[in-house]
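Q: Please give me a close look at the empty spaces inside this protein, and at what surrounds the roomiest enclosed one. I am new to structures, so a friendly walk through the details would help.

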Amino acid sequence: MGGVMGGRRFDLAIAVVGMLSMFALAFGMTSQAQAGKKSSKPVVKIKIKTSTQAALAKGKVKVTAKARKPKKQKKQRVKLYAKLKVGNKTIKNAGKAGTRFKRGKQKTVRIKLSKKAKKLATTCGKPKLTVISKTKVKKTYRKHGRKKHKTSWKKSGKTRRTLKQDESNCPPEGPKVVPVPDTIDLASADRCDFITQGTAPDTECLFPYPNDYFTKADSTTKTGLRLNLNEQSTPANAGTPTVPPKHIDPKDINLSDGFSPGAPIITQVPGLDTLQAFQATGMVGIHKKSNYSAADQPLVMIDAATGQREPIWAELDANASSPEQTDLEIHFNKNLIEGHRYIVAMRNLKRADGSTIEAPDGFKLYRTENEVTENPVIESRRAGFEDIFAKLGTAGIARDSLYMAWDFTVASTENITERMLHIRDDAFAQLGDNNLADGIQQGVAPTFSINPNDGDDNVNGRNGTIDYPLTPVPVTGNGVENIRTINGTVTVPCYLDIAGVPDPLGNGCPAGSKFKLDAQGMPIRTPGATMTAPFTCNIPRSAAQDDGGGDLDVTSPVRTSLYGHGLFGDYTEGNTGDVRKLGNDHGVMVCATDWSGMADDDVYPSAIPALSDMSKFSTIPDRLQQGFLNFLYLGRLMKTTAAQGGFAGNPAFQDDSGDSFIKTNDLSYYGNSQGGIAGGALTAIAPDLTRSVLYVPGMRYSELLPRSVDFDDYATILYPSYPIERTRPLLLTMIQGMWDRGEPNGYANHMTDNPLPNTPAHKVLIEMAYGDHQVSNITAEAEARTIGAPLRQPAVAADRLQPGLIEPWFDSGPLGDLSGPAKNGSGAFVWDIGPKRMVGNQMFGTNPNPLTNTTSPTTDITNSVNPGFDSDQGYGIDPHDTVIRQTPEVREQIAKFMEENGVITDPCGVDPCYAAGWTGAP
């Protein structure tokens, strides 16, 4: 038995040995096969020979390099790159050198440091050097039977070394303690930024603005900040003989968790206060906006998180009457990203004579390295400025070149939009629709009523249902295009207080009222409070005919569109000729209501008091949001079915046999002027429509108002109320943070793509009137860029551009071929009525907008037949309304886009889009 087992063990051992031998043979063959495979990846062995900071300070890095692979290339080209870090500063491109050597031969190479790297090498700290190599590799391959060669640079080596520190670069006692200069007054440091102090003359307390110095930490907000303006620091009005001057109360402004995403930055630089100084500095302006990215650009703004430069441009306030009152205004080519922090830097600024403007003493306290004070107020900001300087340094902006630098944070999306979304969602939930995201109109329609036919001939649009004769067709009036006009009211939940001025409709939501907010900052509805919002609807004549027996018969059910009126107008603008023509020519029932907040009945209760005392301004954006809700409720009436109680089931919207005039599945929006402006914000929150046409729109009232002829009348109140000129741009930027909740500047980043919660994506067509006197084209351009609506080009003929404008429409397009996918997106068009010109005694055309922040005064053509009429006065005809009224092609384009499956069409051929009879230069 033992002998058998022993034999088995011997046989098993023999088998194991055999198997191991086979594995060894197999692995050996594999290893030999792998060993025979030559790697083509280049390898360079690098050694840094420079060992001390003192040697590095001479400006060169000594390295040895030896090429080891690839072995096919006997001669190799190698580039060496150096990266240098000292302390918390890093220069990625500290220097480079190129060389050639034979494979296997060692070579010594000296890398010359850049000027900035050489300077960094002399600062306090242990230098850390990194050197990488890239080798030029040639690859041979065959293509179509021919031998081809391809070369590329491959990373081939990397090494690091920490050098011995030169202690002489570091003061043995640490940073030098310096006294606070006499030019710095810290008595108001709790409410004013002292970094501008030490200049002559002194600037405003809140300059530069926006500025995170005017915030405080708040863990309850999305940004972690809350604005913290002090009332004693805000601009004061002039007062009256009986009422003393009053500073703007910032209570409502301070509810924001950051600053506006589009309002201009306002500051003042003594010495940089004339056009000659602006030009001597070389600061990026409206003439050539691409200069924002130039390596030596004096004005730079970066995203603090990414270091990316933002496209900005600047101008001096052309409305100021002296250099001492002239602000520097910095504009954004498109809106900033909500919640992001940005850093602004100004450097190498020049006076008109070319001399350099010294940085203010307040800013020098932080710019000068290795110096500190013993003042706790000053030192509390040092770490923040070191972070600013570090981020600017990484972006290639040298600390010692700075005139000024500061940071600011943009308000969060939630902070800007949450009030409006709250009242929208709450109001629609009361109709039984708790899921606006699904696009289904659930629940019931809002409550509405048709006005009584009181026989007042439609005075103020109050008369109820007005039928116009089928035959004969009227030759004047609304009946030319309409078969019926319907006037009524819709009942909307009111989220404003009741402290306003009662209106004729007896609203519990009157002009002059504002939001009352709960502990979470959301509007509180007074129980049972409602707003009675008026509306008017036009049934186009093209929708019906006589059934042969004298009764009205629907032949072509019509699409529906909301309509938004112009500045401080009212809903009856929906009955104007161009709106009626659009409806009749293209089968659209247009319904309008008031833009409450900036409607006719808001002028005296809200606008006029705010112009005298900006503390009262919040009534305007608050009531604008209520106005948005009124539009949404009117749209829901147009979209819901007869069974749900919508317009379609009401006899006023039916023919004589009870058939509805309207199609409930096809709602859009069309707005004109202020309706184009406010309509952009409405679009971003609208759950029941996905297509909007914004005619002559814009955004950023703070940027728009000084450029609008409409503002001239209001300026006669504002300017005497706030007589210090340099505070006027500031106060407009300050209130923009509140206005953002009621105008598209606060919603533009979400108007098309990236929609807000419970809201669909939208498509938008922007229609600009070139040289618009009321809504400057630059504000419409900024909106188009922000929402991603590319520009149809050619926009205008080259001879129609302002002299000196090098880059019109910078970063605005192009729209693309409309036979492809571009037709199904958003877009922007410019319509031109041609140059200002006299034909006999009649004036036509307009000059383009000025390149300054001033108006385009309209020529008073009422005097054109009178002796002494000076046709050179003014800019010509205002194209603002002329384009839509005198250009059928525009109305047709609008109507085609508004269809349920509408597309962008181009009626202009290969030329710019001409309007109002202008066909281009002969």
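A: Here is a tour of the enclosed spaces, followed by the helices beside one of them, an open pocket and a few backbone details.

The model is predicted, so local features are taken from residues with pLDDT of at least 70 and side-chain atom pairs from those at pLDDT 80 or more, while totals for chains, interfaces and linings use all residues. Residues are numbered from 1 along each chain as its sequence is written, and side-chain values use heavy atoms, with hydrogens and water left out.

Let us start with the enclosed spaces. A search of the whole structure finds 7 cavities of 30 Å³ or more. Here a cavity is a set of points, on a 1 Å grid over the protein atoms alone, where a 1.4 Å probe fits but cannot get out, and a lining residue has an atom within 4 Å of a point. Points are joined across faces, edges and corners, and the volume is the space filled by probe spheres set on them.

The largest cavity holds about 310 Å³ of space. It is lined by 25 residues, and those closest to its centre are Phe568, Met598, Leu705, Phe711 and Trp739. Two or more lining residues come from each of α10, α12 (674–685), α13 (701–704), α14 (711–721) and α15 (728–739). These names come from DSSP runs numbered from the N terminus: helices (H or I) have at least four residues and strands (E) at least two. What is this lining made of? It has 20 nonpolar residues, 4 polar ones and 1 charged one. In this scheme Ala, Val, Leu, Ile, Met, Phe, Trp, Tyr, Cys and Pro are nonpolar, Asp, Glu, Lys and Arg are charged, and the others, Gly among them, are polar.

Two of those helices also pack against each other. The axes of α10 and α14 are 7 Å apart and meet at an angle of about 35°; axes are lines fitted to C-alpha atoms, for helices over the stretch in contact, and angles run from 0 to 180 degrees between N-to-C directions. On the α10 side are Ile608, Leu611 and Ser612, which meet Tyr714, Ile717, Leu718 and Ser721 of α14. Contact means heavy atoms within 4.5 Å. By class, this contact has 5 nonpolar residues, 2 polar residues and no charged ones.

Next, the second largest cavity. It holds about 230 Å³ of space. Of its 21 lining residues, Ile778, Glu781, Gln802, Leu805 and Leu851 are the closest to the centre. Its lining divides into 10 nonpolar, 6 polar and 5 charged residues.

Now for an open space. A pocket is an open set of grid points with protein on both sides within 12 Å along at least five of seven lines. The largest pocket has about 880 Å³ of space. Its lining has 28 residues, with Ile91, Lys116, Gly393, Ile397 and Ala398 closest to the centre. Two or more lining residues come from each of β4 (89–102), α3 (115–120) and α7 (382–394). Strand β4 gives the largest share, 5 residues. Sorted by class, the pocket lining has 6 nonpolar, 11 polar and 11 charged residues.

Finally, a few backbone details to find in the model. Where are the cis bonds in the loop between β8 and β9? The bond from Phe207 to Pro208 is cis, with omega near -10°, and Pro208 sits in the loop between β8 (176–177) and β9 (215–217). The bond from Tyr209 to Pro210 is also cis, with omega near 5°, and Pro210 lies in that loop between β8 and β9 too. Asn370, a residue other than glycine, has a positive phi near 60°. Asn370 is found in the loop between α5 (361–367) and β16 (371–372). Such details catch the eye because most residues other than glycine have a negative phi, and most peptide bonds are trans.
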